[in-house]
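User: I'm new to this structure and would like a close look at a single part of it. Could you pick out one sheet and walk me through what surrounds it?

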Amino acid sequence: MNPFPSNRASTIATALRYELPNGMVALVQRNATAPTVSVYGEVRVGAANEPPEKNGLSAFTGAALIRGAGHRTFQEIVAITEAVGASVNAGGGMHSTGFAGRSLNEDVALILEILSDMVRAPVFPDEEIERLRGQFLMALRENEQDTSVRASRALRSIMFPPAHPYSRLSSGTIETISILTREDLIQFHTLYHPAATTIAVVGDIDPATVIALIERFFGDWQAPGAPPQVTLPDPLPLPDQRRVHIALDGKSQTDVIWAVHGLDRRSPDYYAASVANMILGRLGIGGRLGERVREEQGLAYYCGSSLDADLGAGPWTAMAGVNPAHVERAIDAIVREIKQFAAEGPTDQELADAHDFMTGRLVIGLETNDSIASTLLGIERYQLGLDYIERYPAIIRSIVRDQVIEVARRYLATDDYAIVTAGPPAEDCSRSSPAT
């Protein structure tokens with residue numbers, strides 16, 4: 001049976017994929033039920049392409065794309081889009097710089113023109129760069145007091161060598177953002193390349209008309225040479241139970257992260273690992289970890305797990321927010337549950353629940369133009385094929401208990417892991433109030 005209602009875009013397999021002569025890829029899906037159009041795009045240039053001493057350059061450059069582009073100032077871009085109820089934005093991530101827009105169907109040409117200017121011809125005016133820098137620095141100063149952010153930053157620094165982009169957060173630091181110059185942004189922007197760019201357009205539009213508009217605004221975009229490539233260094237081997245604590249005065253909660261090295265999105269283990277992670281720390285209130293550590297033992301305010309699988313292998317983590325007085329008990333409980341899961345695997349009911357949730361979430365995830373466009377970008381990024389949505393339920397339901405056990409034992413059943421905590425100094429723990 002087709003699980004998709006017939007009154008909306010039923011399958012991404014009907015999307016039109018078109019490659020421009022300059023190598024840019026356009027994906028267009030008509031959704032006749034929506035009066036709006038969503039445009040999502042990405043240039044596969046991100047923090048992985050920036051030097052360590054300029055950490056945050058990708059994020060800063062991406063955020064600056066809207067601050068003046070082509071012949072329009074930032075204020076003009078905002079005024080023109082708001083006048084028709086539309087919006088545009090952009091930002092830099094780890095492996096790509098994203099750009100997006102939303103408008104009524106009749107304004108799609110305007111949105112594509114503005115996005116083209118942002119991607120191809122940003123102005124980077126000095127005064128806007130300084131305003132943006134102030135916003136970045138304010139957010140980074142707030143992050144300095146955020147236990148979760150500090151724990152994440154410390155974890156990456158001990159799992160990956162300094163030359164590895166995963167060793168740092170893509171948002172940068174106060175020190176690196178403070179010294180970035182307009183010339184740095186201009187130079188980084190030269191890495192943008194049409195052959196590293198994908199754009200997805202979804203709405204009640206005629207695909208041929210949209211392709212013609214994309215050709216009009218992006219077709220003459222040329223860049224010298226081939227798109228930039230990134231080779232990720234090997235991660236650091238994890239010694240037996242590496243432990244780091246980040247002491248922050250005045251905190252009433254400690255954030256805990258347990259981590260091992262994971263896998264990348266293209267790994268043959270990816271789907272089995274995704275099912276394993278769903279059962280371990282995602283389903284319901286946080287999977288097994290949430291049920292056992294938070295609900296049954298009352299040792300955490302939240303508890304769950306995360307599998308960071310992208311173009312490179314990120315960490316496979318378990319996370320918890322705990323009362324500082326309960327840190328050691330919470331860590332022991334997390335490690336115990338992970339080892340038990342790797343040893344015994346899931347129950348039949350847990351596996352069935354994971355299958356149902358993951359396949360059901362796929363349907364819900366295609367309810368809007370935004371989500372369809374975002375999914376199209378992911379399909380192109382990982383070269384999954386436009387029939388991926390049709391194949392996905394069978395892929396997930398084919399994952400059996402033995403596969404989950406095998407992948408859990410391969411990655412999780414180890415004494416070589418890292419633990420990072422961020423919260424009040426250890427001597428303050430005895431003064432903390434009981435968990436509620």
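**A hairpin and its sheet**

Analyst: Let's start with a hairpin: strand 9 and strand 10 form one, with 3 residues between them. Keep in mind that this is a predicted model. The two strands of the hairpin run antiparallel and are joined by 7 bridges. One of the pairs to look for is A309, whose bridge partner in strand 10 is A313.

Now zoom out a little. The hairpin belongs to an open sheet of 5 strands, laid out in the order 7-11-8-10-9 with mixed pairing. At the edges you'll find strand 7 (242-247) and strand 9 (302-309), each of which pairs on one side only. From one strand to its neighbour in this sheet, the turn is 15° on average, ignoring direction.

Let's stay with strand 10 (313-322) for a moment. Besides strand 9, it has a partner in strand 8 (residues 254-261): strand 8 and strand 10 pair in the antiparallel sense over 8 bridges. If you want a landmark there, find W258, which stands opposite A318 in strand 10. Is strand 10 mostly buried or exposed? Of its 10 residues, 8 are buried, so strand 10 is largely enclosed by the rest of the structure. Buried here means under 20% relative accessible area.

Over at the other edge, the pairing has another sense. Strand 7 and strand 11 (residues 418-423) are parallel, with 6 bridges between them. Here V244 is the residue to find, as it stands opposite V420 in strand 11.

Next come the helices that pack on this sheet. Helix 10 touches strand 9 and strand 10, and its direction makes about 150° with that of strand 9. Helix 9 (residues 270-281) also lies across strand 9 and strand 10, running at about 170° to strand 9. That puts both strands of the hairpin in touch with helix 9 and with helix 10.

Helix 10 is worth following a bit further, since it also has a helix for a partner. Two packed helices are described by the angle between their axes and the distance between the axes. For helix 10 (residues 287-296) and helix 11 (residues 327-344), the angle is about 135° and the axes are 10 Å apart. Angles over 145 degrees would count as roughly antiparallel and those from 65 to 115 as roughly perpendicular, so helix 10 and helix 11 are oblique to each other. Their crossing is right-handed.

Which residues make the contact between these two helices? Helix 10 brings R288, L289, R292 and V293, while helix 11 brings A333, I334, E337, I338, Q340 and F341. Sorted by type, the residues of this contact come out as 6 nonpolar, 1 polar and 3 charged.

So here's the picture to take away. The hairpin sits at the strand 9 end of the order 7-11-8-10-9, with strand 10 largely enclosed. Helix 10 packs on strand 9 and strand 10, and helix 10 also packs with helix 11 at about 135°.

Conventions. Residues numbered from 1 in each chain as written. Predicted model: local features only at pLDDT ≥ 70, side-chain atom pairs only at ≥ 80, totals over all residues. Heavy atoms only, no water. Axes fitted to C-alpha atoms, helices over the stretch in contact; angles between N-to-C directions. Helix = DSSP H or I, 4+ residues; strand = E, 2+ residues; numbered from the N terminus. Parallel < 35°, antiparallel > 145°, perpendicular 65-115°, else oblique. Left-handed = near helix turned anticlockwise from the far one by under 90°. Contact = heavy atoms within 4.5 Å. Nonpolar A, V, L, I, M, F, W, Y, C, P; charged D, E, K, R; others polar. Pairing = 2+ DSSP bridges. Buried < 20%, exposed > 50% of the residue type's maximum accessible area, 1.4 Å probe, protein only.
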